[in-house]
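Colleague: I would like to go through this model with you step by step, taking one question at a time. Could you reason aloud before you settle on each answer?

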Amino acid sequence: MQDIKSVTIENEKNFQLDWSARLMFVAILSSIFLAAMDQTVVSTALPTIARDLNGLAKLPWIVTAYLLTSTVCLPVYGKLGDLLGRKYLLQSAVLLFLAGSALSGLAQNIDELILFRALQGIGGGGLLVTAIASISDFIPVTQRGRYQGLVGAAFGLATLIGPFLGGFIVETLSWRWIFYINVPIGIFALLVIGTAFPKPLRTAEWIMDVWGTVLLITGLSALVLFASVAGPILAWNSPELWLMLALGLGSFAGFFIFEKHHPQPLLPLSFFNFRTFTLSVILSFFVGLAMLGSISFLPIYLQDVRHFSPTMSGLELLYLLVGMLSMSIMAGRRISHKQRYREFPIIGALLITVSLGWLSRLGEQTPMWHIDGALVLLGLGLGMTMQVLVLSAQLAIPHKNLGVATSTVTLFRSMGGTLGVAAFGAVFSGLMAGVASSAEHAAMIVQTLRTDFLIAASFSLAAFVGAWFLEDMQILLKKRQDLEALSNGES
């Protein structure tokens, strides 16, 4: 048995995509690029949109609407992809995203734009999780790391290029083209998916987990809204804010009760009995919190303390991009070659901790090469962790549940980022309250960011400790082989 397995792995090392699979992978990268870029491309256009649509008071909801719907739909897409196949589901997500993009570009007032951004988010969430899970349907498990690395590179590139592209489009065309530009890319992805993706196989009878879906969406919506509006929109002593939190926690409690008894739950709680799956989810939450919660406020320092222009402050994040892109690709190739991945999240979390600790010593006159070096180091750490944790979660559970594994890790990473931005934003607002003079303003920004970076470093340090308890690739492959053999025997 061992000899056969060795031959299979050796054959998979020489695996190459044929023309159809190459087209599929291009469509997947296009889908991921669209979904990731749209999370950030709007940020630099918000002031222009507010002036054009006279909607300054509702401005945060342009971002929140997309963030909310793209997050809460992740588990539903993951489950439906496992049950119904991913081709038609991915096409549906592209169509929803295109419809939301076109309508957002045509919006005549702020309320319309918020509504259409919500529609766009439903498609964007489906693009992200279904595209990532689709890789596992046509690439051998031993070679998946190489292609997951390319996915991580595309995700990082799209996330960081968004603000630059948004600023360029606003300056040269119109903010409406931020949304129109999605249409040709989306149509291309739609055509390729229709041509290259095989028709999904017929699945067994399935029962929709209606109550689980409703309760999870309600809980996630309430939590995302709580994180998004706490402080800047609703005061911390507002009863509505805490009722929102209570609704979210109550919905989660109901969700866990219903999931225990449903024959085909939206998120099987038994998956959390697998150590590596649970750790991958928790570590993704910590990494998302540390990354977005800290880096989101660095441009404020660059603009208000160091007097960089918005464009130049955005260019500084290219150092982060260089580290992330190079390491995502390198780590993926290394994993596929060595059939090991465990050292990457361990070293990656350590690099994130060191870089954030370095940034926590930020001062008003810190040499820029110190900041740039820390950003490169942070990018290297993120490139070693983000997509590797998706891979480890996928390896930890049976193949038929890959969509659920992918959506759960992506969901927790998104929730970590959302809560991180909200929590660090609250720290920022609280410490900045009552600041009057410009000199005091700059000093307080530095003090606040030091605190934020130090808190973020503590979470990444927790991720570093947790990463030591991950099981490596060969152990997971053997466990999954035994689990699937047992499952097939029972069926």
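Colleague: In which helix is the place of Thr 410?

Modeller: This is a predicted model, and what follows describes that prediction. Helix 19 runs over residues 402-432. Position 410 falls inside that stretch, and the place of Thr 410 is therefore in helix 19.

Colleague: Does Thr 410 count as buried or exposed?

Modeller: A residue counts as buried when its relative accessible area is under 20%. For Thr 410 the relative accessibility is 1%, and because this falls under the cut-off, Thr 410 counts as buried.

Colleague: Which residues is Thr 410 in contact with, leaving aside its neighbours within four places in sequence?

Modeller: It helps to begin with a position that is far away along the chain, namely Pro 75, which is 335 residues apart from Thr 410, although their C-alpha atoms are separated by 9.2 Å. Once the neighbours within four places in sequence are left aside, the residues in contact with Thr 410 are Leu 74 and Leu 128.

Colleague: How many residues of helix 2 are buried?

Modeller: Helix 2 covers residues 19-37, and at 1.5 Å a residue its 19 residues should span 27 Å, which agrees with the 27 Å between its end C-alpha atoms. The helix is largely enclosed by the rest of the structure, because the number of its 19 residues that are buried is 14.

Colleague: Are helix 4 and helix 11 roughly parallel or antiparallel to each other?

Modeller: Helix 4 (residues 60-72) and helix 11 (residues 210-229) pack with their axes 9 Å apart, at an angle of about 150°. The contact is made by residues including Trp 61 and Leu 68 of helix 4, together with Leu 220 and Val 224 of helix 11. Their crossing is right-handed. Since angles over 145 degrees count as roughly antiparallel, the two helices, helix 4 and helix 11, are therefore roughly antiparallel.

Colleague: Which helix gives the most residues to the largest nonpolar core?

Modeller: The largest nonpolar core has 151 residues, and Ile 49, Ile 62, Tyr 301 and Leu 382 touch the most other members. The helix that gives the most to this core, with 16 residues, is helix 18.

Colleague: How many helices are there in the protein?

Modeller: Of the 491 residues of the protein, 57% count as buried, and residues 24 or more positions apart account for 84% of the contacts with a separation of 6 or more. The protein has 0 strands, and the number of its helices is 21.

Conventions. Residues are numbered from 1 along each chain as its sequence is written. This is a predicted model: local features need pLDDT of at least 70, side-chain atom pairs count only at pLDDT 80 or more; totals for chains, interfaces and linings use all residues. Side-chain values use heavy atoms; hydrogens and water are left out. A nonpolar core is a set of buried Ala, Val, Leu, Ile, Met, Phe, Trp, Tyr and Cys residues joined through side-chain atoms within 4.5 Å. Buried means under 20% relative accessible area, exposed over 50%, partly exposed in between (1.4 Å probe, protein chains only). Helices (H or I, at least four residues) and strands (E, at least two) are DSSP runs, numbered from the N terminus. Contact means heavy atoms within 4.5 Å. The expected span of a helix is 1.5 Å times one less than its number of residues. Axes are lines fitted to C-alpha atoms, for helices over the stretch in contact, and angles run from 0 to 180 degrees between N-to-C directions. Angles under 35 degrees count as roughly parallel, over 145 as roughly antiparallel, 65 to 115 as roughly perpendicular and the rest as oblique. A crossing is left-handed if the near helix is turned anticlockwise from the far one by less than a right angle, and right-handed if clockwise.
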